[in-house]
Amino acid sequence: MKPHWKPLINIIVPGAGLIVLRREWLGLAVSLLFGLLAQIGVGGLWLFPAAIPQRVAVAALGLAGLVWLGAQWLTLRRIKSATGPIIEREILVLCHRADDAIASGRFAEADDLLLAARQINDEHPVVNRKLAESAARAGRRRDAVRAWRRVKALAGDPESRAHADRRLHELRERCP
């Protein structure tokens, strides 16, 4: 999971970073709460001040500011918990267990382990490559093609993209 842009989107739309970081309901709730409070504040101070008392509008803007700060804190906390050496080790443990399952022909078990690893980090290159290899070995051509395309899209280096291209070409030649 590449956390570079997620705090930035959260600055503009509080809660959006949480949604991207797989905390959909929390992110949605934060976004809605911020939007509601900001609307009350802006509406009360500038749009229709006669309808909303000034103290209510100021309080709503203050609370919107607190929600904004809370969203930033929650997003940074989620990034720290979703990335780092502990998470990387967990993904590698799942990958090793999947390798053992693939070697003994237990493809369903391997897929379950790799899908669990992908739930942790869906952009992890090793996980996506192993999912593609498992699908190809199990004879699921469509899944393998889809997975190799994802590997190619996520590849950070030319060698990985070339390897994914070769595997896609092999799959196309075997079963046109």
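This is a short tour of a predicted model, with stops at helix H7, its partner H8 and two buried residues.

Before you start, note that residues are numbered from 1 along each chain as its sequence is written. In this predicted model local features need pLDDT of at least 70 and side-chain atom pairs count only at pLDDT 80 or more, while totals for chains, interfaces and linings use all residues, and side-chain values use heavy atoms, with hydrogens and water left out.

**Stop 1: helix H7**

Select residues 125-137, which form H7 (helices are DSSP runs of H or I with at least four residues, numbered from the N terminus). H7 has 13 residues and spans 18 Å from its first C-alpha to its last, close to the 18 Å expected at 1.5 Å a residue (the expected span is 1.5 Å times one less than the number of residues). Now step just past the end of H7 to Gly-139, where phi is positive, at about 85°.

Next, colour the buried residues of H7: Val-127, Asn-128, Lys-130, Leu-131, Ala-132, Ser-134, Ala-135 and Ala-136. Buried means under 20% relative accessible area, with a 1.4 Å probe and protein chains only. Their cover includes helix H5 (85-103), helix H6 (107-120), H8 and helix H9 (158-174).

**Stop 2: H7 against H8**

Add residues 141-154, helix H8. The two helices pack at about 160°, and their axes lie 8 Å apart (axes are lines fitted to C-alpha atoms over the stretch in contact, and angles run from 0 to 180 degrees between N-to-C directions). H7 and H8 are therefore roughly antiparallel, a term for angles over 145 degrees.

Show side chains for the contact, meaning heavy atoms within 4.5 Å. From H7, pick Asn-128, Arg-129, Leu-131, Ala-132, Glu-133, Ala-135 and Ala-136; from H8, pick Asp-143, Ala-144, Ala-147, Trp-148, Arg-150, Val-151 and Leu-154. These contact residues comprise 9 nonpolar, 1 polar and 4 charged.

**Stop 3: Asn-128**

Zoom in on Asn-128 in H7. Its relative accessibility is 2%, so Asn-128 counts as buried. Leaving aside residues up to four places away in sequence, Asn-128 touches Arg-118, Asp-122, Glu-123, Ala-147, Arg-150, Val-151 and Leu-154.

**Stop 4: Ala-64**

Finally, go to Ala-64, in helix H4 (residues 54-82). Ala-64 is buried too, with a relative accessible area of 3%. Beyond residues up to four places away in sequence, Ala-64 touches Phe-34, Leu-37 and Ala-38. For a sense of distance, draw a line from the C-alpha of Ala-64 to that of Arg-142: the two residues are 78 apart along the chain, and these atoms are separated by 47 Å.

How values were computed: Parallel < 35°, antiparallel > 145°, perpendicular 65-115°, else oblique. Nonpolar A, V, L, I, M, F, W, Y, C, P; charged D, E, K, R; others polar. Buried < 20%, exposed > 50% of the residue type's maximum accessible area, 1.4 Å probe, protein only.
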